[in-house]
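Please open the structure in your viewer and keep the sequence beside it, so that each selection below can be followed on both. The tour goes from one stop to the next, saying what to select and what is found there.

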Amino acid sequence: MSPLAEAYDRLLVDLDGTAYAGAVAIPGAAEALDGLPVTYVTNNASRRPGDVARHLRDLGFAAPDDTVVTSAQAGAGLLASLVPVGTPVLVVGAPALRDEVEARGMVPVETAEEARAVIQGHNPETGWARLSEAALAIRAGAVWVATNTDATLPTERGLLVGNGSMVAAVRNATEREPRVAGKPYTPIFVDAMRAAGAQRALVVGDRLDTDIEGGNAFDADTYLVLTGVNDVADVVAAPDRHQPTHLADTLAGLRLPGAATRPGPRERWTATLDGDELIVTGGPGADPADAKYVAVAAAREAPEERRAGLRLTIR
């Protein structure tokens with residue numbers, strides 16, 4: 001049977017927690033993606049696409065500059081569709097986001113009084129004063145776009161505060177909601193597929209609430225890799241919108257037939273629902289790697305409201 005990746009003309013691959021964790025490559029990720037039609041799609045808006053591509057190449061990935069799409073690009077594109085050229089924009093984010101705003105003919109400004117729009121993306125240097133300036137502008141009627149709403153940012157040290165947590169602070173202060181360009185919203189996927197001239201996508205990532213939910217919203221097949229934020233127990237308890245088409249321990253599963261990474265029954269494994277516990281039991285000679293597929297398939301038989309409280313036990 002053909003490898004899973006061959007069924008698609010573009011793999012839309014996440015970065016943090018999927019290809020790398022901060023300055024460290026996920027083991028085997030570069031080798032798994034080598035030679036495949038990859039576009040790297042990241043919600044991190046703090047770096048320019050070329051800088052991200054160079055980082056990937058330094059870690060051993062084949063990554064031409066034009067194979068990286070960031071939420072800074074998608075966010076600036078979304079904002080440009082909402083306001084005219086020349087609009088004064090308060091940029092809450094890194095220089096990479098400011099560059100994207102300027103490239104689309106909008107004008108970065110520094111104060112709420114000047115701003116007619118606000119765009120907010122990740123920048124580890126963002127502080128209270130800048131968030132407050134954004135809140136003032138938004139309360140005065142400025143259009144508000146967020147590049148993404150990831151609550152956390154995976155790194156080699158663990159989960160740090162993400163842009164979504166800073167967006168939440170501004171939301172709490174303004175009682176307004178931003179338009180969002182990054183995952184799980186679809187503008188970033190539309191941009192990536194258009195740039196690649198591709199038609200059939202597989203969305204690959206480590207987060208159920210961004211990569212998988214976003215891919216499902218985009219009507220694409222999805223692949224959860226268990227090297228980052230979410231694990232099998234999370235999938236078992238997840239609602240339908242967070243359920244992946246495929247899942248695997250690593251990106252090497254992209255080289256396997258699709259049936260190997262799709263949840264479903266496996267030889268020598270059984271699953272039983274006992275109250276709020278899902279018990280997955282392997283018989284003699286059962287392959288431990290198969291337990292996750294049996295567990296997820298069994299959980300999907302339960303209603304969402306029951307699934308949310310399930311505890312997973314593998315024996």
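What follows is a walk through a predicted model, beginning with its domains and then turning to single elements and residues.

**The domains**

Begin by colouring the protein chain by its three parts, which are domain 1 (1–43 + 183–261), domain 2 (83–180) and domain 3 (263–314). If you then mark the C-alpha centres of domain 2 and domain 3, you will find them 42 Å apart.

**The sheet of β16, β17 and β18**

Next, select residues 269–274, which form β16, and 311–314, which form β18, and add strand β17, residues 277–282. Together they make an open sheet of 3 strands in the order β16-β17-β18, with mixed pairing. Because β16 and β18 stand at the edges and have a single partner strand each, one side of each is left without a neighbour in the sheet. From one strand to the next the twist averages 20°.

Looking more closely at β17 and β18, you will see that they pair in the parallel sense over 4 bridges, and that L278 has L312 in β18 as its bridge partner. Now add residues 291–299, helix α10, which packs on the sheet and touches β16, β17 and β18, while its direction makes about 145° with that of β17.

**Helix α2 and what covers it**

Move on to α2, residues 49–58, where P49, G50, V52, A53, H55 and L56 are buried. Which elements cover these buried residues of α2? They include β2 (20–21), β4 (38–42), β5, α3 and α4. Just after α2, select G60, which takes a positive phi of about 100°.

**F61, in the loop after α2**

From there, select F61, in the loop between α2 and β5 (68–70). Is F61 buried or exposed? Its relative accessibility is 4%, so F61 counts as buried. Leaving out residues up to four places away in sequence, F61 touches A19, A25, A29, A30, L33, Y40 and L56; of these, L56 was also listed among the buried residues of α2. It is also worth selecting E31, whose C-alpha atom is separated by 7.8 Å from that of F61, although the two residues are 30 residues apart along the chain.

**N44, in the loop before α2**

Turn now to N44, in the loop between β4 and α2, which counts as buried because its relative accessibility is 17% and the cut-off for buried is under 20%. The side chain of N44 makes a polar contact of 2.6 Å with the side chain of S46. Apart from its neighbours within four places in sequence, N44 is in contact with D16, T70, S71, H122 and L153.

**Q73 and the packing of α3 on α4**

For the last stop, select helix α3, residues 71–80, and within it Q73. A polar atom of the side chain of Q73 lies 2.8 Å from the backbone nitrogen of T70. Not counting residues up to four places away in sequence, Q73 touches P49, V68, E100, R104 and D191.

Finally, show helix α4, residues 95–103, beside α3: the two pack at an angle of about 35° with their axes 9 Å apart, and α3 passes α4 in a right-handed crossing. Where they meet, A72, Q73 and A76 in α3 face A96, L97, E100 and V101 in α4 as contact partners.

How values were computed: Residues numbered from 1 in each chain as written. Predicted model: local features only at pLDDT ≥ 70, side-chain atom pairs only at ≥ 80, totals over all residues. Heavy atoms only, no water. Pairing = 2+ DSSP bridges. Axes fitted to C-alpha atoms, helices over the stretch in contact; angles between N-to-C directions. Contact = heavy atoms within 4.5 Å. Domains from an automatic or database assignment. Polar contact = N/O pair within 3.5 Å; in protein donor to acceptor, adjacent residues only side chain to side chain. Buried < 20%, exposed > 50% of the residue type's maximum accessible area, 1.4 Å probe, protein only. Left-handed = near helix turned anticlockwise from the far one by under 90°.
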